[in-house]
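Q: Please choose one part of this model for a close look, and then follow the chain outward from there. I should like to understand how that part relates to its surroundings.

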Amino acid sequence: MNNPVLKLQSIIETLHPAEKRVAEYILNHQEQIGQISVQKLAEDTESSVATVARLAKRAGYSGFRQLKLALLSFRVEQPKDNILYEDIRAGMDSGQVIQQLSQWAKQCIDDTARVLVPESVDQAVEALLKAQKTAFFGQGSSSFVAMDASFKWIRLNRWSFAYNDPQVMLLSGVMLQPEDVLVAISYTGKTRETLEVAAMAKEHGAKVISITQLGNNPLHQMADIGLWVTDTEMGMKRGDIGSRLALSHVIDILYMAMISRDFTDSVVQLEETYTMVHKQRPRD
């Protein structure tokens, strides 16, 4: 995870008031951050040097110096023509909506790629390849992501299932064993039903992989392996559009990584399932 801006944004609502003031100041003065000393930052935010240090550590850095260097490096790495895409406005024609939503979808994917940790993806893929059974759980729009994931796993001849009914989810969670894996999908990381199923799965020894919004949310804390997507729901672009895109992108990454890791057997299974499905389709 190499985006310090997203790191600060992800934890800002969990900070103490003084720490939050420091984080907001940094986010609002990114262009000047290279010239701001820790003493000046503490003074301007009516906090203390210790508060600034605590904020940096909460964001995953050893201190303000490392956080400042990360911010400076990140700004240098960004394309010069990178823009913030405007929100939906009244009266936009179809061409404008197509262009803006397409740009926004690409931004969701790009930002999620920045916050995914390759080592965590490797750990997740290893666990999924070893799993006897893989369960996918999600509520609301996350349930569609879970169902799509289960279909993908079936194409690889891997035992998987996905339910969105809370009672069935809990019953299935009870049946998971130490050799099984639960992939818990929740954009907020706070969905009560998904948290209950994850807790049940862990109680029975199953490994839990979480896919959540960037941040130290309850589901991420509970999981054995945590994967993040970026903060995508904003303005009028709500309705789970961005979160669904980002969550599905992580599932696709896991799917393709599994195929790459177990390439020969995976190709055989994909060919067999493709042939079987097409035999069942009516001919033109």
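A: With a relative accessibility of 56%, Asn 157 counts as exposed, because the limit for that class is over 50%. The model in which this residue is examined is a predicted one. Asn 157 belongs to the loop that lies between helix 8 and strand 2. Its phi is near 60 degrees, a positive value in a residue other than glycine. Such a value deserves notice because most residues other than glycine have a negative phi. Glu 46 offers another example, with a positive phi of about 55 degrees although it is not a glycine. Glu 46 is placed in the loop between helix 3 (38-44) and helix 4 (49-58). With a relative accessible area of 67%, Glu 46 is exposed.

From the loop of Asn 157, one may turn to helix 8, which comprises residues 141-155. Ser 142 is found in this helix. Ser 142 counts as buried because its relative accessibility is 6%, and buried means under 20%. Leaving aside neighbours within four places in sequence, Ser 142 is in contact with Ile 185, Ser 186, Tyr 187 and Leu 247. Trp 153 is also in helix 8, and its ring belongs to a pair described below.

A search of the whole structure finds five aromatic pairs. In the pair of Trp 153 and Tyr 255, the ring centres are 6.1 Å apart and the planes stand at 35 degrees, so the pair is tilted. This pair links distant parts of the chain, since Tyr 255 is in helix 12 and the two residues are 102 residues apart. Both Trp 153 and Tyr 255 are buried. An aromatic cluster is formed by Phe 137, Trp 159, Phe 161 and Tyr 163.

On the other side of the loop lies strand 2, which covers residues 160-163. What is the order of the strands in the open sheet of five strands? The order is 2-1-3-4-5, and the pairing is parallel. Strand 2 and strand 5 (225-229) are the edge strands, each pairing on one side only. On average, neighbouring strands of this sheet are turned by 15 degrees against each other, direction ignored. Strands of a sheet pair through backbone hydrogen bonds. Strand 2 pairs with strand 1 (residues 134-138) in the parallel sense, over four bridges. Within this pairing, Phe 136 stands opposite Ala 162 of strand 2.

The view may now be extended to the interior. Nonpolar side chains tend to be buried together in soluble globular proteins. The largest nonpolar core of this model has 31 residues, and Ile 211, Leu 227 and Leu 254 have the most contacts inside it. Helix 8 is one of the elements that supply at least two residues each, as are helix 7, strand 3, strand 4, strand 5 and helix 12 (241-261). Helix 12 gives the largest share, eight residues. A second, separate core has 25 residues, including Ala 23, Leu 41, Val 52 and Phe 64.

Ile 211 illustrates the contacts of one residue in the largest core. Not counting residues up to four places away in sequence, Ile 211 touches several residues, among them Val 183, Ile 185, Leu 227, Leu 247 and Leu 254. Ile 185 and Leu 247 are also in contact with Ser 142 of helix 8. Ala 124, in helix 7 (residues 118-130), is buried, with a relative accessible area of 0%. Beyond neighbours within four places in sequence, Ala 124 is in contact with Ile 209, Ile 225, Leu 227 and Leu 254.

Another helix packs against several elements of the sheet. Helix 10 (residues 192-203) has 12 residues, and Glu 193, Thr 194, Leu 195, Val 197, Ala 198 and Ala 201 are buried in it. These buried residues pack against strand 1, helix 9 (166-175), strand 3 (181-185), strand 4 (207-213) and helix 11 (218-222). Helix 10 is followed by Gly 205, whose phi is positive, near 90 degrees.

The protein to which these parts belong has 13 helices and five strands. Of its 284 residues, 43% count as buried, whereas Asn 157 is exposed.

Notes
Residues numbered from 1 in each chain as written. Predicted model: local features only at pLDDT ≥ 70, side-chain atom pairs only at ≥ 80, totals over all residues. Heavy atoms only, no water. Pairing = 2+ DSSP bridges. Axes fitted to C-alpha atoms, helices over the stretch in contact; angles between N-to-C directions. Expected span 1.5 Å × (residues − 1). Buried < 20%, exposed > 50% of the residue type's maximum accessible area, 1.4 Å probe, protein only. Contact = heavy atoms within 4.5 Å. Core = buried A, V, L, I, M, F, W, Y, C linked by side-chain atoms within 4.5 Å. Phe/Tyr/Trp six-rings, centres within 6.5 Å; stacked < 30°, edge-to-face > 60°.
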